[in-house]
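Biologist: Got a minute to walk me through this one? I'd like to start with the inside and work outwards.

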Amino acid sequence: SEGFLKTDAPEILAGFTDTAAKYLEWSRQFGSQIKGVDGKSTFDPSFKYRVIMDTISASDAAEVRQLVAASTGALGYNTPHWLRSVNSAMFAATAMRYLLFSGVASLPEMAAIGIRSRTGLKGAAQVVTSSLWRVAVSDRQALHQMAEGLGIVGNEVMRHTLLNLYRADELTVGKVASKAAHYMFKLNGQYAVTELNSKLAMVHGQMFLAEHGQKAKAGDAKSQRYLEELRISPEDAIAGARDNNVNYQDAVHRFVLQSLTNPEAGVMPLWMSDPKFAVFASLKKFVYGLFDRVHMGVYREAKAGNASGAVAMTAGFVAVAAALGALAETIRGMVKHPPFTQPAPEQEWDEKFWRVFNATGIQGHWQLAAGPRAAAEWGHSPASPFLAALNPTLDWIWSDLMDPSKNTASKVGQALPVAAQVPWAQKLVVDMLGGPAKGGQKQQDK
């Protein structure tokens, strides 16, 4: 009676492909040939899974079922349509009001490619120097065609990647909210930066396979471990540069996915994979993704016995992420305070340091406290920190839109996209509506 849940054909096709890929990977991991009731051999895609479930306790089995449902996207399949619609509207408001700078905020994530490449300062710097020059300038067209051929980039690939990252694949019911998020990410450079990061990861994945394929074949244990992580043999890694074999393509794909800060369900709290709570998780996934790629990447390397390599990886990430964080803050500052407006208030050196530090994501899970901390400082309600911890849009609705001390002009200025995060644009809107802004302006952006 309510019609189709989704009507956008490319989005449906991308979701179908994603679901099919999960089913195929499930079958590869847990499937096995068994003897059927008629005595003939048949393929059971869940045979190994059932064997595992029969060997563990009932409580562990229940938890495993939930984790599997989260990983396969089946968790919360029965979410009511009205709740999806509410979440959809909330996400659209959040994206339009808080994600103006998500593109530049993603620049430091390039440094995670160096972590995945298991390189130190030299390798991390190569990502943003010679490799960036190749991808963006000298070999731009050839590498873009290669990435398209491998299915690493493309309009729908980037769209699906970002919608999945923000949990918007579960939130954006109908075309209005979906297109609002789509155009926001397109206009603010998020698509471009994500595509650039994907192509950089592809280039370094190919370099990684070429280097460690030769070393692994020569008997290097560390390189053999690296190739096992990507599920490829030394022979296929070496031959892939010539014949582009299927195993080589899969390994490059895995390298790219493991270089981007889009976390798998297993590294997040279970509730973050449930569509019923997706609107609360949409801005928090970055923290878990970056923590898994960077912090846990370093930890896993040290645990494997390569402590010196882990130290070198950390040094490379910190140096490159700090440089990119400073660049991101500079761009953000230029947009917020261009030359034709009043200059930005002078910041103390320690405040500048902490802003760059926060932009790198090095602080890990402590980043989750940034929103509530800002709400406690700027908020006009005791509930502001709690609401901001759930979703900043809730705090905005409660503290700003419902604040009787603020006039209509001020509320409109703080509600409109761009103006909500750019002081001079907000002032222009408020002046046009004929009313001075009242109350402090809370600025929280990714």
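Modeller: Sure. Keep in mind that this is a predicted model. The largest nonpolar core has 50 residues, and Ile152, Met202, Leu209, Ile232 and Val252 touch the most other members.

Biologist: Which helix gives the largest share of this core?

Modeller: Helix 13, residues 190-217. It supplies 9 residues of the core.

Biologist: And what lies apart from it?

Modeller: Another core, of 6 residues. Ala95, Leu99, Phe185 and Tyr191 are among them.

Biologist: OK, aromatics next. How many aromatic pairs does the count come to?

Modeller: It comes to 5. One of them is Phe208 with Tyr226, a tilted pair. The centres are 5.6 Å apart, with 40° between the planes.

Biologist: Where do Phe208 and Tyr226 lie?

Modeller: Phe208 is in helix 13 and Tyr226 in helix 14, so the pair ties together parts that are 18 residues apart in sequence.

Biologist: Buried or exposed, Phe208 and Tyr226?

Modeller: Both are buried.

Biologist: What about the rings of Phe208 and Phe255?

Modeller: Their centres are 5.4 Å apart and their planes are at 45°, so this pair is tilted. The link spans distant parts of the chain, 47 residues apart. Phe208 is in helix 13, while Phe255 is in helix 16, residues 246-259. Phe255 is buried, as is Phe208.

Biologist: So which residues form one aromatic cluster?

Modeller: Phe208, Tyr226 and Phe255.

Biologist: Which charged end sits over the ring of Phe208?

Modeller: That of Arg116. It is 5.5 Å from the ring centre.

Biologist: Let's move to charges, then. How many salt bridges does a search of the whole structure find?

Modeller: It finds 13. Take Arg118 and Glu229: their closest N and O atoms are 2.9 Å apart.

Biologist: Why does the pair of Arg118 and Glu229 tie together parts apart in sequence?

Modeller: Because Arg118 lies in the loop between helix 6 (111-116) and helix 7 (121-127), whereas Glu229 lies in helix 14 (residues 221-229). The two parts are 111 residues apart in sequence.

Biologist: Is Arg118 buried or exposed?

Modeller: Buried, with a relative accessible area of 18%. The cut-off for buried is under 20%. Glu229 counts as partly exposed, at 29% relative accessibility.

Biologist: Which residue forms a salt bridge with Glu301?

Modeller: Arg225. The closest N and O atoms are 3.1 Å apart. This pair also links distant parts of the chain, 76 residues apart. Glu301 is in helix 18, residues 285-303, and Arg225 is in helix 14.

Biologist: What is the relative accessible area of Glu301?

Modeller: 1%, so Glu301 is buried. Arg225 is partly exposed, at 22% relative accessibility.

Biologist: What about a salt bridge within helix 25?

Modeller: Asp431 and Lys427 both lie there, 4 residues apart, about one turn of the helix. Their side chains meet in a salt bridge at 2.9 Å, N to O. Asp431 is partly exposed, with a relative accessible area of 45%. Lys427 is exposed, with 53%.

Biologist: Back to the bigger picture on charges. Which residues do salt bridges that share partners join into one network?

Modeller: Arg116, Arg118, Arg225, Glu229 and Glu301. Arg116 turned up before, with its charged end over the ring of Phe208.

Biologist: Now the outside. Which residues make a nonpolar surface patch?

Modeller: Phe340, Trp424, Leu428 and Met432 make one of about 480 Å².

Biologist: Where does Trp424 lie?

Modeller: In helix 25, residues 423-432. Trp424 counts as partly exposed, at 32% relative accessibility.

Biologist: Last topic, the loops. Which loop holds Gln342?

Modeller: The one between helix 19 (307-336) and helix 20 (349-360). Gln342 is exposed, with a relative accessible area of 67%.

Biologist: How far apart in space are Gln342 and Pro423?

Modeller: 9.9 Å, C-alpha to C-alpha. In sequence, Gln342 and Pro423 are 81 residues apart.

Methods: Residues numbered from 1 in each chain as written. Predicted model: local features only at pLDDT ≥ 70, side-chain atom pairs only at ≥ 80, totals over all residues. Heavy atoms only, no water. Patch = residues over 30% accessible without salt bridge, like charges linked within 9 Å, V, L, I, M, F, W, Y side chains within 5 Å. Areas by Shrake-Rupley, 256 points an atom, 1.4 Å probe, with all protein chains shown as cover. Salt bridge = Lys/Arg side-chain N within 4 Å of Asp/Glu carboxyl O. Buried < 20%, exposed > 50% of the residue type's maximum accessible area, 1.4 Å probe, protein only. Core = buried A, V, L, I, M, F, W, Y, C linked by side-chain atoms within 4.5 Å. Phe/Tyr/Trp six-rings, centres within 6.5 Å; stacked < 30°, edge-to-face > 60°. Lys NZ or Arg CZ within 6 Å of the ring centre and 35° of its normal.
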